[in-house]
Amino acid sequence: MNNTRNYVISYRNPDTDGAACSIALAELLTVSENQRYDPVLLGNINEETAFVLNYAGIDFAPVPFCAEDASSVVVVDTHHRSQLPEDFPFHKVRLVVDHHSGGDDHLFENAFVDNRPIGAAASIVAEMYFDRGCLKKNMLTMLGFAILSNTLNFSAPSTSDFDAKMFQKITDLYPLPDKSVAAMFAKRAAVLQQGLHAALLSDFKKFETKRADVGISQLEIYDLQAHIAIHEIPSILRQIAEEQGLKYCMFNGVDLKTKTSIVICADPQTAALAGEIFHMDFPESGYGHTFDRILLRKTDFIPALNR
Ligand SMILES: [Mn+2]
């Protein structure tokens with residue numbers, strides 16, 4: 001019990017935005033505050049994130065998280081109890097940087113919570129870099145990729161002018177070639193090589209909402225239906241629901257090619273819940289419903305479940 005370490009942490013199995021924010025914010029606080037901050041990546045990073053770290057030239061040595069040793073903690077890309085470790089030391093958190101609704105603000109009694117309705121937490125971290133005059137190429141390049149990743153190349157519904165402005169400031173200094181952007185998005189399909197069950201768990205989040213506890217798997221794939229056996233999804237969702245002890249489990253499949261989303265439910269009770277979210281009679285069986293726009297958990301599911 002040393003109480004000597006400072007951590008920057010995100011949720012388990014973070015996406016590129018969560019991982020990039022942990023690494024970049026730990027670096028920025030270390031150089032600008034004369035105290036060492038360690039980035040923590042719980043679980044695994046995905047192939048897209050590995051590509052970005054490699055491209056930006058960032059060598060990442062994982063640091064285990066020890067709540068007892070923590071002097072202070074910074075939380076990025078989440079502020080939801082259900083996405084943080086058990087026995088998480090909420091009182092030690094001094095800063096939260098996020099862009100998700102439905103968080104547990106009240107738990108962070110000693111923290112400044114910077115939570116904005118924008119496309120990427122990386123945009124906020126990029127702004128902190130510019131505000132503090134830190135223009136490290138590897139970190140800003142990684143954050144630029146994270147903004148593209150999380151806004152789905154500026155096509156996600158949560159995308160804001162602020163994301164575009166921060167991305168522009170980064171690429172004015174350090175351009176990102178189109179070829180590399182395409183290579184990053186191509187990595188998303190790699191998750192499917194381990195089978196559909198692993199793919200659905202690769203970006204699966206549990207939400208404690210006012211309406212119910214819900215598990216939602218989300219995949220963003222270019223030409224989704226060509227890569228996924230849609231008809232296999234309901235039974236895999238039922239399996240995941242059982243494994244995770246969840247009553248409601250659904251899938252949001254985003255097709256980056258057609259800019260559509262398909263929502264699939266584990267069972268009739270989940271379909272009824274989806275019907276409430278989207279104000280429609282959701283198909284009880286079969287392969288869900290296709291929406292002619294991109295849906296995201298944070299903009300289209302969670303706010304409705306908390307109403
Ligand atoms: Mn994010």
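**Exercise 1. The metal site**

Which protein donors does the manganese ion have in this predicted model, and how are the donor residues spaced in sequence?

*Solution.*
Step 1: List the donors. They are Asp17 (OD), Asp77 (OD), Asp77 (OD) and His99 (NE2), lying 2.1 to 2.8 Å from the manganese ion.
Step 2: Write the spacing. The donor residues follow the pattern D-x59-D-x21-H.
Step 3: Place two of them. Asp17 sits in helix 1 (residues 16-33). His99 sits in the loop between strand 4 (93-98) and strand 5 (112-115). The pair therefore ties together parts that are 82 residues apart in sequence.
Step 4: Check exposure. Asp17 and His99 are both buried.

**Exercise 2. The cysteines**

How many disulfides are there?

*Solution.*
Step 1: Recall the cut-off. A disulfide needs two cysteine sulfur atoms within 2.5 Å.
Step 2: Try Cys134. The nearest cysteine sulfur belongs to Cys21 and is 15 Å away, and Cys134 is in no disulfide.
Step 3: Try Cys249. The nearest cysteine sulfur is that of Cys265, 9.7 Å away, and Cys249 is in no disulfide.
Step 4: State the count. It is zero disulfides.

Are Cys134 and Cys249 buried or exposed?

*Solution.*
Step 1: Buried means under 20% relative accessible area.
Step 2: Cys134 has 12% relative accessibility, so it counts as buried.
Step 3: Cys249 has 0%, so it counts as buried too.

**Exercise 3. The cavity**

What is the volume of the largest cavity, and which residues line it?

*Solution.*
Step 1: Count. There is one cavity of 30 Å³ or more.
Step 2: Give the volume. It is about 50 Å³.
Step 3: Name the lining. It consists of His80, Ser82, Gly102, Asp104, Phe207, Glu208, Thr209, Ile302 and Asn306.
Step 4: Sort the lining by class. Two residues are nonpolar, five polar and two charged.

Technical notes:
Residues are numbered from 1 along each chain as its sequence is written. This is a predicted model: local features need pLDDT of at least 70, side-chain atom pairs count only at pLDDT 80 or more; totals for chains, interfaces and linings use all residues. Side-chain values use heavy atoms; hydrogens and water are left out. On a 1 Å grid over the protein atoms alone, a cavity is a set of points where a 1.4 Å probe fits but cannot get out, and a pocket is an open set with protein on both sides within 12 Å along at least five of seven lines; lining residues have an atom within 4 Å of a point. Grid points are joined across faces, edges and corners, and a volume is the space filled by probe spheres set on the points. Ala, Val, Leu, Ile, Met, Phe, Trp, Tyr, Cys and Pro count as nonpolar, Asp, Glu, Lys and Arg as charged, and the others, Gly among them, as polar. Buried means under 20% relative accessible area, exposed over 50%, partly exposed in between (1.4 Å probe, protein chains only). Donors are N, O and S atoms within 2.8 Å of the metal (3.2 Å for Na, K and Ca); water is not among the atoms, so sites may look incomplete. Helices (H or I, at least four residues) and strands (E, at least two) are DSSP runs, numbered from the N terminus.
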